[in-house]
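Please open the structure below in your viewer and keep the sequence panel in sight. We will go from stop to stop, selecting a few residues each time.

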Amino acid sequence: MASLRSPSSPNDGYKRFSDDLANASINNYGSNVTNNRTSDGGGDGLDLGSRSSLHTGLQMSEDEHWEMNYHEAAIYLEEGLNNEKFDSHPSSPEELPAYLRVHNPWYHGLDLLASLVLILLAFTEDPAVPAFELPVWAHGTIELLALSVIAVELHLKLKWIGWGTIFKHKRTMLKGITLLIMVLEAVVVVCRQSSHVRVTRALRPIFLVDTRHCGGVRRFIRQILQSLPPILDMLGLLMFFVATYSLLGYYLFSEHIDNGHFRTISDSFVSMFVLLTTANFPDVMMPSYAKSKWYAVFFILYIITVLYVLMNLMLAVVYEAFTRIEREKCRALLLHRRGAAKRAFRLLVSRRAPRAVRLRHFAGLMRHYAPHYSGLDVYLMFKQLNASNSGGLSRTEFAAVYEALALRWAPQAARAPWYGAGPLEPIGRAAAAALRWPYFEYLVFALIVGNGVSMILRVCEAAGNLQDSARLLCASWDTWLFLVLFLIEAALRITALGLSAYLESGWNVFDLSATLLALMGAVLLTIAPHMFIVVIFRPLRLMRLYKLKKRYRDVFGTLVLLSPLMSSAGCVMLVVYYFFAIVGMELFSGYDLRNCCVNTTVEDFYKWSANASTPLGYYYLNNFENILTSGVTLFELTVVNNWFILMNAYAAVAGQFTRMYFMVFYLFTMVVLTIVVASVLEAFRFRIQYKRSTTKRDEEKLLHEEVHTSWEEVQRLGASGDLADELRTYLPPGMQVTFIGTRPRTKEVLQRRMYNADIQKWLAEDEENEDLTPSTTVTSSEDPLSPPLIQQPDADNNHQVRAGYQL
């Protein structure tokens, strides 16, 4: 499709204005439009609307005036989409250049690259991964360069938000303080040519989290912080019971000489804390249990109280808080975007029609907000929003602009079979008939079951060695037979549906991928029999059988809905790991655990000799000698199985205070993982409720919109210029054409249906809380929209003329 933009316009709508700013004089700011009509600042033209704050005090023509309004309205929509506060909105021509440069996609990429470089420097700094180690001057210089890029971005941001508002932006303030500390430390390292203790390196993820590309990570961290109050309340109660049982255990078991777990109060607390994770149960109980069988009651009651009651109660409390926060997040985002749309609306209305946005002004907005959209896309969005068919978008209609932006349009004729009346029509019809055969799906599932039975028989069949066994399993004649049949099935589906329609189904993509991977594995095993790793590919196709059961479909559907949240949660876990890995390297990298812990309970786990370790050994490999090893060690601590062995080893060689590091890490990961579990439960509950309340027909209506239009309607709406020329190619005169708009099936879209009653209540409350002073208007018959005109003040009145909705 042809683009609405002129050929000379760059791909980025914001870049155009940054170029104009650099090339144009102040009197022609922000526009490359030539127009003989000029305005003296107040504007006498009837079509002038609200004045943009970006050209305050500047003289410009009416077209330049509108271009600046379009641009600022696009900025408001961007701030609504990205959930940015409006107090950082550029409010003068002087602030705009810095805003544009920081919001340039190229600069976002450079900021992300600089942040990733800072993160990856941990591989090269002492203690470094041997393969990536760099001299001090090299990694110090790279660090200063990356920090300089981040400092420039922060400087430009402060140029438009102002130093006075930095205290309202806690994230920006924290980033600035961290940046200052790291620059000073990097300068010291380069000057001394030697590294020193730098625990502040653990704060480097702050820069990564603050980038534009990590918005989902920031939202997940915000949810964690919002969920902290109930979590801290439950942790306080949990620690009370741990401390109480620790005190009781000390008085009950400290006199037992053969039980070192309760020798002192601190030993008792550590033992009961570890027992909370069940890592040392029943080891901690057995010495006392040997004294009296009744002592088992103490440990059983403790496990029931803290593990099965309080820990599950914590999950319930977190789940309740998470669902409440999720609903509140939906409300806040909805109202924030609505507020952004209101601000944009005020800049797009004219004095001729102060209560409606015309197609011309809507197209001008889209030229800056979504320059990649074609003129047809913009026109169809306008038509879809204009439910009243008044010819102009009311404020309520315009508020749904974000929903319309998610639609992807295609002519209704495009939904016909792809083969149409072409030469491949007989083949396409035959393939479609095969797919409509009632037993086709049963035949496919029978092939999958046969493939599974074949694999079981091959596994049971004896083979001479591993290479022969692998080739028998994944490269034998039956493998090739089933692969050919699966490829025929995929070819039939593609022929009947078309490639694009085939790839719209996630199951089709999975089937084709699994088949191609199994084919690649068979080829590789034939060429290189030692590549055993490819044996995993052939069983993948069996997963299609899980589609037969509704419960499994719900599970896979929940995974799809959770994929954005899970990626954000994974990034948060990596940030936590990075933080504790850096701190762990600074604390423990100088300690060698081989043959440590003599005369302690963990001595046997760390015995080492040049020939071999003990059967219990190899625990000395769990250390903090570099970032990679630290990550593996922290993952083992996350699993909590035998984690106290590592904690006790470092307590023996580095001091008892080091136990705090391991306990705090456990609490951090427990909090994050509890919220992850709560998010999984909430998503599964949401999907089940959605499936119960929504039919296939309802979902079809939710995800698709129809627009009927014609060339005569385009002319009535006043389309002209390039827009009219482009629309003429799609809308033949005298013929009505239907277009179908399709939305992606995301959780945000589904929430609008599930929370429909709440959304109406939120919008009603927002309207009630809004304090708009009505303007004195008169009616004009010059405009087909019956626009009210602003009542002109008397000549002696010093008040300026105002539009119906003023910024």
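Start by selecting H704, which faces T742 in β5. You are looking at a predicted model, and this pair of residues is a good way into its open sheet. Extend the selection to the whole of β4 (704-710) and to β5, residues 736-742. The two strands run antiparallel and are joined by seven bridges.

Now bring in β3 (408-411). With it you have the full open sheet of three strands, in the order β3-β5-β4 and with antiparallel pairing. Which strands stand at the edges? They are β3 and β4: each has a single partner strand, so one side of each is left without a neighbour in the sheet. Look at the twist as well: neighbouring strands here are turned by 30° against each other on average, ignoring direction. As a general reminder, the strands of a sheet pair through backbone hydrogen bonds, either parallel or antiparallel.

Keep the sheet on display and add the helices that lie across it. Select residues 696-703, which form helix α26. This helix lies across β4 and β5 and runs at about 50° to β4. Next, select residues 375-385 for helix α13. Helix α13 lies across β3, β4 and β5, and its direction is at about 105° to β4.

Stay with α13 and add helix α12, residues 359-369. In general, two packed helices are described by the angle between their axes and the distance between the axes. For α12 and α13, the angle is about 125° and the axes are 10 Å apart. That makes α12 oblique to α13. The crossing in which α12 passes α13 is right-handed.

To see what fills the contact, show side chains on both helices. From α12, pick L359, F362, A363 and M366; from α13, pick V378, Y379, M381, F382 and L385, which they meet. How do the residues of this contact divide into nonpolar, polar and charged? Nine are nonpolar, none is polar and none is charged.

Two stops on other helices come next. Find T323 in helix α11, which spans residues 296-348. Is T323 buried or exposed? Its relative accessibility is 18%, so T323 counts as buried, the cut-off being under 20%. Leaving aside residues up to four places away in sequence, T323 touches E682 and R685. Select those two with T323 to view the contact.

Then move to L492 in helix α19, residues 477-497. L492 has a relative accessible area of 26% and is partly exposed. Its contacts, again not counting residues up to four places away in sequence, are A431, L435 and F440. Try a distance label between the C-alpha atoms of L492 and A434: they are separated by 7.9 Å, although the two residues are 58 residues apart along the chain.

The next stops are about the backbone. Most residues other than glycine have a negative phi, and most peptide bonds are trans. Here are some exceptions to look at.

- Select D126 and P127: the peptide bond from D126 to P127 is cis, with omega near 0°. P127 is found in the loop between α4 (105-120) and α5 (136-161).
- Select F281 and P282: here too the peptide bond is cis, with omega near 10°. P282 sits in the loop between α9 (265-276) and α10 (286-291).
- Stay in the loop between α9 and α10 for T278. Phi of T278 is positive, near 65°, and T278 is partly exposed, with a relative accessible area of 36%.
- Finally, go to N83 in the loop between α2 (62-81) and α3 (96-102). Phi of N83 is near 60°, again a positive value in a residue other than glycine. At 38% relative accessibility, N83 counts as partly exposed.

To finish, clear the selection and zoom out to the chain. Its secondary structure comes to 30 helices and seven strands. Of its 807 residues, 47% count as buried. What share of contacts between residues at least 6 apart in sequence joins residues at least 24 apart? In this chain, that share is 73%.

Definitions and conventions: Residues are numbered from 1 along each chain as its sequence is written. This is a predicted model: local features need pLDDT of at least 70, side-chain atom pairs count only at pLDDT 80 or more; totals for chains, interfaces and linings use all residues. Side-chain values use heavy atoms; hydrogens and water are left out. Axes are lines fitted to C-alpha atoms, for helices over the stretch in contact, and angles run from 0 to 180 degrees between N-to-C directions. Helices (H or I, at least four residues) and strands (E, at least two) are DSSP runs, numbered from the N terminus. Angles under 35 degrees count as roughly parallel, over 145 as roughly antiparallel, 65 to 115 as roughly perpendicular and the rest as oblique. A crossing is left-handed if the near helix is turned anticlockwise from the far one by less than a right angle, and right-handed if clockwise. Contact means heavy atoms within 4.5 Å. Ala, Val, Leu, Ile, Met, Phe, Trp, Tyr, Cys and Pro count as nonpolar, Asp, Glu, Lys and Arg as charged, and the others, Gly among them, as polar. Two strands pair if DSSP finds at least two bridges between them. Buried means under 20% relative accessible area, exposed over 50%, partly exposed in between (1.4 Å probe, protein chains only).
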